[in-house]
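Visitor: I am new to this structure and would like a close look at a single part of it. Could you choose one helix and take me through its surroundings step by step?

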Amino acid sequence: MLLHLDILGISRYTECIGSGKGGNAVQIVKEETNVQICCHVQDSFSTTHTFHWHENYEICQVVQGSCRFLVDGVLIEADAGDIVTISEHTVHRFLVEHDGIFVRILQFPLHVLLHSAFAVQPLRMHIPAGEIASVSGLGERLETLFSLMEQEGTLHHGCENAYLNALASSVYFLLMRHFADTSDNGGKSKERMEFFRIVEYCNSHYTEDINASSLAEKLYLTRGHLSGVFSRYAGMSVNDYLNTLRIKHANDLLHRGCSITQAALESGFQSIRTFNNVYKKVMGSTPSEYLHRDHSAN
């Protein structure tokens, strides 16, 4: 699944444009949903390679198997029973390499916590199952809360459900009692905003003649700092991300009947040779082969 991040919150998931030998091409998007609170267990294979962020707070618990999470530039190895917490507006994705991985996902807006008498503290990003089991009765209480939320169903925007609000708050504060994060994340917040600035500029100007060096100059960052921040959060280079956007745009133009040359030049590539090389790396085929397959399928 390819994703595109829109700082203004307009974009939705876009269709996959393929993958080549270099792995799945990934775009980054704000996940648009009308869900306010939900708790469910899903086969995490369906979320493989999605790279997104959203306005809800998210608590994930691996129910079966093990997988990796890339959250805020931090790679987390999570086993069954582990909990991973994801703050709102945090870029993340699940890295799943085989079937049979099940993850419980709880999402809710942080404002449900504001009516509590407790002072809200952030949670640790990774809470291992062993630490949860070391607190007497904690695992059982969490399982009860999760089950009650799953039975209650999904709460959509514009609706109210004080019971679901209370359950979501209970999960959060129960975890906060034992696993509050007391570290200073000021520097992390600054880096995250820099990452959003980089992605926003790439998404708006990828058809222009820009690369990591010129982008760093426009955003008043050193190339080394820009490249480091982007690769930590996205798991790929700025230039690779730009090329992913350009290939997606080129495919859109090809579908509209544009020539390969026109699609290449209007998508930000400076030569047909470069376009062909990048296209094969991203798509696993040449533009002509891709069009032939597409026409055959239709």
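Guide: What follows is a close look at one helix and the sheet beside it. This is a predicted model, in which local features need pLDDT of at least 70 and side-chain atom pairs count only at pLDDT 80 or more, while totals for chains, interfaces and linings use all residues. Residues are numbered from 1 along each chain as its sequence is written, and side-chain values use heavy atoms, with hydrogens and water left out.

The part in question is helix α2, residues 138–152; helices (H or I, at least four residues) and strands (E, at least two) are DSSP runs, numbered from the N terminus. At 1.5 Å a residue, the 15 residues of α2 should span 21 Å, and its end C-alpha atoms are indeed 21 Å apart; the expected span is 1.5 Å times one less than the number of residues. After α2 comes G153, whose phi is positive, near 95°.

Within α2, the residues L138, L142, L145, F146 and M149 are buried, where buried means under 20% relative accessible area, exposed over 50%, and partly exposed in between (1.4 Å probe, protein chains only). These buried residues cover an arc of only 95° around the axis, which puts them on the same side of α2; the arc is that of the directions from the helix axis to the C-beta atoms. An α-helix has 3.6 residues a turn, so residues three or four places apart point the same way. The face of α2 turned away from its buried side carries the exposed residues E140 and Q151.

The buried residues of α2 pack against β4, β6, β9, β11, α1 (129–133) and α3 (162–179), contact being heavy atoms within 4.5 Å. The sheet itself is open, with six strands in the order β12-β9-β6-β11-β4-β13 and antiparallel pairing; two strands pair if DSSP finds at least two bridges between them. Because β12 (126–127) and β13 (155–156) stand at the edges with a single partner strand each, one side of each is left without a neighbour in the sheet. The direction of α2 makes about 110° with that of β4 (35–43), axes being lines fitted to C-alpha atoms, for helices over the stretch in contact, and angles running from 0 to 180 degrees between N-to-C directions.

Of the strands that α2 touches, β6 (residues 57–64) is joined by seven bridges to β11 (residues 102–108), and by four bridges to β9. Six of the eight residues of β6 are buried. Among the residues of this strand is I59, which stands opposite L106 in β11.
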